[in-house]
Amino acid sequence: MPAVELVGITKRFGDVVANDGIDLSIETGEIHAVVGENGAGKSTLMSVMYGVHQPDAGHVLRDGVRLRMRSPADAIAAGLGMVHQRLRLFPGLTVAENVVIGAEPTRRGVLDTAAASREVERLGELYGLRADPAARVGTLPVGVRQRVEILRALYRRARVLILDEPTAVLTPGEAARLFEVLRGVTGEGVSVVLVTHKLGEVLAASNRVTVLRGGRVTGRFATAETTAQELVVAMIGRSLAPRPLAPPGERAAGPYLLEVENVRVRGGEGPARVGGVSFGVRRGEIVGIAGVAGSGQRELLDVVTGLRTPDEGRVLLAGAPVRRGRDPRVAYVPEDRPGRATAPTMSLADNLLMGGQRERRFSRAAVRERARALVERFGVRAASLDEPISVLSGGNAQKAVLARELSGDRPLVVVEEPTQGVDVGAQEQIHALLAQARDEGRAVLLQSSELSELRALADRILVMFEGAIVAELSAEEAGEDRLGAAMTGAAG
Amino acid sequence: MNVVDLALVSATLTASAPVVFAALGGLLCQTAGVFNMALEGQLLWGAFSGVLFSHLTGSAWLGVVGAVVTTAVYALALSVPAVAFRADPVVVAVGVNLLALGLTAFLMRVLLGAGGVYTSPDLPGLPTFAKLGLDVPVLGPQSPLVPLAPLLVAVTAWWLARTRSGLRLRGVGGHPEAALSLGLGADRYRHVAVLGAGALCGLGGAQLALGNVTLFSEGMSAGRGWVAVVAVMLGGAWPWPVLAACLLFGAAEAFGFRLQGLGLPQQAADAAPYVITLLALVVAAATRGRRRLLEAS
Amino acid sequence: MNLTTRTAPLLAPVAALALTTLVMLATGVDPFLAYPALVRGAVGEGNLEYTVAAYVPVLGMALAFAIPLRTGELNLGGDGQLALGGVAAAAAALLVPLPPVLAVVFPLVVAALAGGLLAWVAAPLRARLGIPVIVTTLLLSPPGVALASYLARFPLAERGTGLAQTPVLPDASHLPALGESGYLTPALPVVALLTALWLYADAGTALGYEIRATGANREFARYGGVGVARLGAVTLATGGAVAGLVGGLVVLGPPYRFVDGALVAPGYTFTAIAAVLLATGRPVLVPFTSALLTVLQAGGQGMEREAGVPSQLTQIVQGLIIVIVAVLALARRRTAKKRPGGVTP
Amino acid sequence: GTTTGGTSAGAPAAKSVILITPNPASTNSFLQLSVKGAQAAAKEIGASFKLYESKDPAGIAQNVDAAVRAKPTVIVGVSFSFDDVFATVPRQHPGQQFLQIDSCAKDPAPNLTCVSFKEHEAAYLAGVEAGLLSESGKIGIVLPIDSPFIHRWIDPFFTGAKAVNPKVTGTPLYVGGNTPFSDPARAKAQAQALAGQGADIIAAAASGGNQGVFEAAAEAHVKSFGVDVNQCPQSPGNVIDNVLKHVDVAEAAAIKDIAAGKTGGVKVYGLAEGGVGVNALGDDLASSQCTVAASPQVVAKVKQARDDIVSGKLVVADPLAG
Ligand SMILES: Nc1ncnc2c1ncn2[C@@H]1O[C@H](COP(=O)(O)OP(=O)(O)OP(=O)(O)O)[C@@H](O)[C@H]1O
Ligand SMILES: Nc1ncnc2c1ncn2[C@@H]1O[C@H](COP(=O)(O)OP(=O)(O)OP(=O)(O)O)[C@@H](O)[C@H]1O
Ligand SMILES: [Mg+2]
Ligand SMILES: [Mg+2]
């Protein structure tokens, strides 16, 4: 008997049918991957399973028994646990408080903090999920935070663990550790439902795969018997063209467009975040930046784009220092889409304008005209230019940001995590756009935690560790093993 | 003339007590993630209903009970739109404050038959400790609600830190979606926090109208609710610092009165508490770092 | 949902009036007596002029609140800015005798500077120390009012009168009358012009776009190269300057002097805030919501005069309108980003 | 607002009186008294009565305009706040009679009658009582704001006290804040501050805040003074006396005069005219609940001082004149 069974789930949001009669069964102790394009209905399905959404039709069976799901409380009671992509932790509370909240141990009515800490340590020991119970969650790196979420589910004796895009924000090392943990818990008889856009993970870690498209199931596979191509076809209805992204031989030459000289940034939260970094990027090349989270890439890129003033050193663009605030010669695609790259409540047209508002005489018509042109040229799928950008799917929002930044002829392109949370189809288009920018003779600086992305796109990869560049690898040299070693500080 | 003496301490406590109650309410709401800017109106309603029920029942303590209950009910005017309907709490608060101003003045005319000020020798006020037989300095001239204010601060501090519901309230305020995914309905906690703030403002209003004085006058909250809003921010929504902020304001006000006696113009005394509070805020912000303050807002 | 959003500013007054009628009936007030008196009090013979005159400070103070609000900052210090502007205008007119026209323009400029300066103080405190503008402006308002009061009471005081007020300003500084009673002055076209300018700047200029973007997502605007701190300072100072200017315009109108408390007593600041919030984020509605609330307030006095119904009833109506609008406008805020202290996650 | 005496709309011949206050009358015992006087006069001359309450200067002007349109027998404006309006409007409407209480516009038009009071004379008498009754030699007074008009109570009060007891020191404290004329809580705090500094007499001239002063006085076991009307019953046993201003009497007389065609001019009511006074001088002292009744020697001294003032032997300086 399956541990969980979803039967005929249909869920509508207004006119959108997010889930359309979906059946899904999860066996005890298996890792079951759910894949599909942006907006295919994966998160909705998980939310239904976890009681966040009530389905318009269909129901959920747990060990063969039909569940009454009015809220996540019912799901938790039935032994389900969920790890959301945007982590649902309380930043102001400690690890122990975060784990036990909602099911707190008490002694004579008073919180038993000691018991909570003991429990966190015991579970951590058992599943290899170490975290300091007394640490405030807001101060922890994202990988550790995710562990806290898993701990929380396990503390509640979850037998079915739902993870929505858990690796999207993890470094490769953190992701590897996560899969170790997942294999550990399945060994204990826990079932795992894994939503992801990374087919590599699916093939490496899962037992079975269900593919969604447009709210329906378009494929069910045993992982051992399928291939990436087969999955892609089920997901997007065609296969991806094999693409030579970095045509070898044509090495960019000439002077550096971007020169970073001995840049030092002392962080507010820790010691020096960037300690004396120098490098350059030429026109016509893509330089990758790799490194585990917190190695200083974020701060370095803030300096390069002019958003942050370095404590020491300087950044030159075409021989002139980058302007403070934001240099208009830099196209910049930040990682944080709702926080920095877009204003979620503003319309798509207004979002597409930012940076170009002073280029021409401002008028409403001109703003819309510009937006329409960009949407067409970059293939952004949107129902209306006037709706808030927040209604766009992740992939489309990302394409809109790229459209805005790559339009015009800014010579330097700085991109962070361009394909995070973006489906494979959109990933392909985004990669093509970056390659095109390079071919137009721009200098591209690409930061990504997706090593495959770096290896496919970058001419050179700079590896950062603890605020310094510890290795520079050419595209040929950059194997996963060498990159991985350099990122952990082992000489590369 | 002495500028600092025990009477000043006493005056500080008197001036602060209503503000402390209101600020404690604001703190609860802030912790639960609702920005409560309606303290001014609720304090006013608390003062009015305290006098009304004291008048109707002939007992000041029943007046306090009436104030606590009806101000909690009045807080529904904030909690239903802002929590249940997700309306902007700032907008709702502006309406709630105006409504309180109009309602109390209107009902005062209609129910108490007085405009402007309602006072009567028959209106029972809260007893002072002196009247209860405890004629000591500082506390003697105060009503029992005055020491209750810091006591409630202590209870709140303990409750937030050490109890199940306190922990959950902190969680709910910090990240409502997270609470939801644990099956902890954020709304329930928020409603309770807003209504609790109402009850506290009822206490504060009752202390103002039946403790500090024994009468109701139109608009008698006179900005004390706004001071409470500031105190919540100045104290970073932590119980003890919020209490300290309220006391600072009360002391500045009492001290301003003294300065008047020394010949400073009345306008300087009027401005003093605000200027001193702002300076304290600047110093606190400069030392604490800007991040925390913005978070607290 | 969209329909409700669009009609919220219309629907809310209707619902609020219905609720108020209930209050009237419950307390034995005859609505058929009260409402006609309310309307006559606002627009009846001779009253319209005063209602229009009261519209000037309400609309002006609405701008003072709305301009910084577009960058996401709440300016609650209107009273201080207004009073300081008023007394500054009086001081300028009394101390610096100038030929006609200049004698009006110079005090107004000084008034705008005074109000703008007081509001501006909040900007660096926000940018450098992270002290919320709402707190700073709130705290700076009473000292502003106190300073104005002090100046009117001592250095600028008129001798031999009972009130804390300045002497009557020189004739050259009087705003000319546009109507019979002198209460209609060029202040109305001035404020109307400012409103039109603001509406144009907000919707039709790059600056307006940058201001809106800052309000929608500060970090986004910063990323886009907008100087958010500078913009915050500019909008705050502009809002304060408008408030100061309003103070100046009132003082240069009848009775042509600064009377302590006269600017603050009518509560223009909070009426204006209510009007702006009533417009639920659509600037073009601000002139209309301001008019609605002015009419209610002016009408309230007439209602009290004529029908003996306490004018506080109109405060009840206003309070109810705002609460109801907040609920009806929730559809817009569903998708809105988290605002400081807001409940939207 | 209150309306009595039927509707105002009627034949133009019907008499009517419209009283305009600068602030809501309810917060202010002085204004309430002026309402009482106008009501009484209207009744006596068979006129209808209407009360227009203003909230700010623009409201005053608006109310005056509305009143002019109603064409009553007389339009009464109370206080200094009407100085500006009554300097112009009566000239524009020469057919309309105006009456200003407690102040007078500059160069009053012939159709403007003024009634003003020498309350400083009464305040002086209260000061005499305070000077005689104070044991600590420290007296205080709580007032709404520091405006020149308010000094009509302060300065003569202290002068009177010093006249009988040179060692007396007097301290004025102002309520201030957001609502200075009706903030009993702040008024009480001010009175407590004075009591804390050893003042054993704290006069209340804080308008709507007076009750707070009386409460503080009662709690501190010190004595107080009231203003305008007999406020002794508001806090029995704690109020020595009151600085009375018989606005109602003076106003009613003026209204009747105007109705009878005796218009224009400034009528000043001092101790001599019986327009101001203290309860100690009244016939009903015994029933007034004022504690000065228990000190006949003080009453005698007050009577002496009154006589000196009336006879011109003693001149109390008007703080506003200086
Ligand atoms: N709360 C909601 N209200 C309205 N529409 C929604 C809501 N949640 C999801 N949708 C819509 O339902 C569809 C499915 O969304 P869902 O989040 O399930 O996709 P997904 O497969 O998780 O996408 P992604 O890969 O981007 O996470 C989309 O069209 C989305 O716009
Ligand atoms: N109210 C809404 N109306 C229309 N579309 C929405 C709405 N809310 C969310 N969406 C869309 O639904 C999709 C999924 O949004 P949701 O908030 O469910 O994120 P999620 O997929 O659960 O989280 P994540 O993307 O982090 O996995 C996004 O493409 C988003 O744009
Ligand atoms: Mg999803
Ligand atoms: Mg997603």
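Is A:Ala318 buried or exposed? A:Ala318 is exposed, at a relative accessible area of 57%. The model described here is predicted. The points below cover the shells around ligand 1 and ligand 2, aromatic and charge-over-ring arrangements, a contact between chains B and D, backbone exceptions, and two residue pairs compared in sequence and in space.

**Ligand 1**

- The shell around ligand 1 has 13 residues, and the closest are A:Asn38, A:Gly39, A:Lys42, A:Ser43 and A:Thr44.
- By class, these residues comprise 4 nonpolar, 6 polar and 3 charged.
- A:Thr44 places a polar side-chain atom 2.5 Å from an oxygen atom of ligand 1.
- For A:Ser43, a polar side-chain atom is 2.7 Å from an oxygen atom of ligand 1.
- For A:Glu165, the distance from a polar side-chain atom to an oxygen atom of ligand 1 is 3.2 Å.
- On its own, ligand 1 has 630 Å² of accessible area, of which the protein covers 65%.
- Two elements of chain A, strand E2 (16-26) and helix H1 (42-49), each give two or more residues to this shell.
- Helix H1 of chain A gives the most, with 3 residues.

**Ligand 2**

- Ligand 2 is surrounded by residues of chain A, including A:Gln85, A:Arg86, A:Asp164 and A:Val391.
- A:Ser43 and A:Glu165 belong to the surroundings of ligand 2; A:Ser43 is also among the closest residues to ligand 1, and A:Glu165 also has a polar side-chain atom 3.2 Å from an oxygen atom of ligand 1.
- A polar side-chain atom of A:Ser43 is 2.8 Å from an oxygen atom of ligand 2.
- The backbone takes part as well: an N or O backbone atom of A:Leu392 is 2.7 Å from an oxygen atom of ligand 2, and one of A:Ser390 is 2.9 Å from an oxygen atom of ligand 2.
- The protein buries 48% of the 610 Å² that ligand 2 exposes when taken alone.
- The shell around ligand 2 divides into 2 nonpolar, 5 polar and 3 charged residues.

**Aromatic pairs and charges over rings**

- Over all chains, the structure holds 16 aromatic pairs.
- One of them is the stacked pair of B:Trp45 and B:Tyr74, with 5.4 Å centre to centre and 15° between the planes.
- This pair links distant parts of chain B, 29 residues apart: B:Trp45 is in helix H2 (residues 39-57) and B:Tyr74 in helix H3 (residues 60-74).
- B:Trp45 has a relative accessible area of 12% and so is buried.
- B:Tyr74 is likewise buried, with a relative accessible area of 9%.
- B:Trp45 and B:Tyr74 form one aromatic cluster with B:Phe48 and B:Phe216.
- Between chains A and C, A:Arg326 lies over the face of C:Tyr223, 4.7 Å from the ring centre.
- Between chains C and D, C:Arg305 lies over the face of D:Tyr52, 5.4 Å from the ring centre.

**A contact between chains B and D**

- The side chains of B:Glu253 and D:Arg186 are joined by a polar contact of 3.4 Å.
- B:Glu253 belongs to helix H11 (residues 239-261) of chain B.
- B:Glu253 counts as buried because its relative accessibility is 14%, under the cut-off of 20%.

**Backbone exceptions**

- Most residues other than glycine have a negative phi, and most peptide bonds are trans.
- A:Ala318, although not a glycine, has a positive phi of about 50°.
- A:Ala318 is located in the loop between strand E16 (312-317) and strand E17 (320-321) of chain A.
- D:Ser207, also not a glycine, has a positive phi of about 55°.
- The loop that holds D:Ser207 is between strand E9 (201-204) and helix H7 (210-220) of chain D.
- The peptide bond between C:Pro254 and C:Pro255 is cis, with omega about 5°.
- C:Pro255 is in the loop between helix H11 (228-252) and helix H12 (268-278) of chain C.

**Separation in sequence and in space**

- A:Val233, in helix H8 (residues 228-236) of chain A, is partly exposed at 38% relative accessibility.
- From A:Val233 to A:Val211 there are 22 residues in sequence and 9.8 Å in space, C-alpha to C-alpha.
- C:Ala122, in helix H6 (residues 122-129) of chain C, is buried at 0% relative accessibility.
- C:Ala122 and C:Leu19 are separated by 103 residues in sequence and by 39 Å in space, C-alpha to C-alpha.

How values were computed: Residues numbered from 1 in each chain as written. Chains lettered and ligands numbered in written order. Predicted model: local features only at pLDDT ≥ 70, side-chain atom pairs only at ≥ 80, totals over all residues. Heavy atoms only, no water. Near = heavy atom within 4 Å. Polar contact = N/O pair within 3.5 Å; in protein donor to acceptor, adjacent residues only side chain to side chain. Areas by Shrake-Rupley, 256 points an atom, 1.4 Å probe, with all protein chains shown as cover. Helix = DSSP H or I, 4+ residues; strand = E, 2+ residues; numbered from the N terminus. Nonpolar A, V, L, I, M, F, W, Y, C, P; charged D, E, K, R; others polar. Phe/Tyr/Trp six-rings, centres within 6.5 Å; stacked < 30°, edge-to-face > 60°. Buried < 20%, exposed > 50% of the residue type's maximum accessible area, 1.4 Å probe, protein only. Lys NZ or Arg CZ within 6 Å of the ring centre and 35° of its normal.
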